[in-house]
Amino acid sequence: AFSVDILSVASINRTENLEVQQRTIASHISVRNFFNATELDDYDPTCYKDLTWEQVKQVSEFCKNRRGKKLSYEFRFMRNQYARWQWLAQK
């Protein structure tokens, strides 16, 4: 048997997505914890309104290039897939 923890990130404008995920995915017997987050959980929930594209690139590169002995393979893989500014440009 295995267990997983899930972090679901959504917008407060689309909370129905979180609700559906909680009713479906989170109800699986293997789900140990189901966490959800929206922009209201952010330190600066309106930062997206003021960030320039150059700042987005800088943050992305900073996150991708962080080094640490305790970073798991999975974390490094996800960081390299989703912290790319090319991916962020599509969002």
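A salt bridge here is a side-chain nitrogen of Lys or Arg within 4 Å of a carboxyl oxygen of Asp or Glu. By that rule, this predicted model holds three salt bridges. The legends below start with these pairs and then turn to the surface patches and two buried loop residues.

**View 1. D5 and R32 form a salt bridge between two strands.** The closest N and O atoms of this pair are 2.5 Å apart. D5 belongs to strand β1 (residues 4–9) and R32 to strand β2, so the bridge ties together parts that are 27 residues apart in sequence. Do the two partners show up as buried, partly exposed or exposed? D5 is partly exposed, because its relative accessibility is 38%. R32, at a relative accessible area of 53%, counts as exposed.

**View 2. R14 and E16 meet through their side chains.** For this salt bridge, the N to O distance is 3.1 Å. Have a look at the accessibility of each partner as well. R14 has 45% relative accessibility and is therefore partly exposed. E16 is partly exposed too, with a relative accessible area of 37%.

**View 3. K57 and E54 pair within helix α3.** Here the closest N and O atoms of the salt bridge lie 3.8 Å apart, which is within the 4 Å cut-off of the rule. How far apart are K57 and E54 along the helix? They are three residues apart in helix α3 (residues 53–65), so about one helical turn separates them. K57 counts as partly exposed because its relative accessibility is 22%, and the lower limit for that class is 20%. E54 is partly exposed at 48% relative accessibility.

**View 4. D41, D42, D44 and D50 make up a negative surface patch.** Zoom in on D50 to place one of its members in the fold. D50 sits in helix α2, which covers residues 47–50. With a relative accessibility of 62%, D50 counts as exposed.

**View 5. L7, V9 and F35 build a nonpolar surface patch.** The patch has an area of about 330 Å². Which element carries F35? F35 is part of strand β2. Its relative accessible area is 44%, so F35 is partly exposed.

**View 6. S30 is a buried loop residue.** This residue is found in the loop that runs between α1 (15–23) and β2 (31–37). Why does S30 count as buried? Its relative accessible area is 11%, and buried means under 20%. Which residues does S30 contact once neighbours within four places in sequence are left aside? They are F2, S3 and V4.

**View 7. T38 is buried in the loop between β2 and α2.** The relative accessible area of T38 is 16%, so this residue also falls under the 20% limit for buried. Not counting residues up to four places away in sequence, T38 touches A10, S11, I12 and L18. Showing these four side by side with T38 is a handy way to follow its contacts in the model.

Terms used: Residues are numbered from 1 along each chain as its sequence is written. This is a predicted model: local features need pLDDT of at least 70, side-chain atom pairs count only at pLDDT 80 or more; totals for chains, interfaces and linings use all residues. Side-chain values use heavy atoms; hydrogens and water are left out. Patches are made of residues with over 30% relative accessible area and no salt bridge: like charges are joined within 9 Å, nonpolar side chains (Val, Leu, Ile, Met, Phe, Trp, Tyr) within 5 Å. Accessible areas come from the Shrake-Rupley method with a 1.4 Å probe; for residues, only the protein chains shown count as cover. Lys and Arg count as positive and Asp and Glu as negative; His and the chain ends are not counted. The place of a charge is taken as NZ of Lys, CZ of Arg, CG of Asp or CD of Glu. Helices (H or I, at least four residues) and strands (E, at least two) are DSSP runs, numbered from the N terminus. Buried means under 20% relative accessible area, exposed over 50%, partly exposed in between (1.4 Å probe, protein chains only). Contact means heavy atoms within 4.5 Å.
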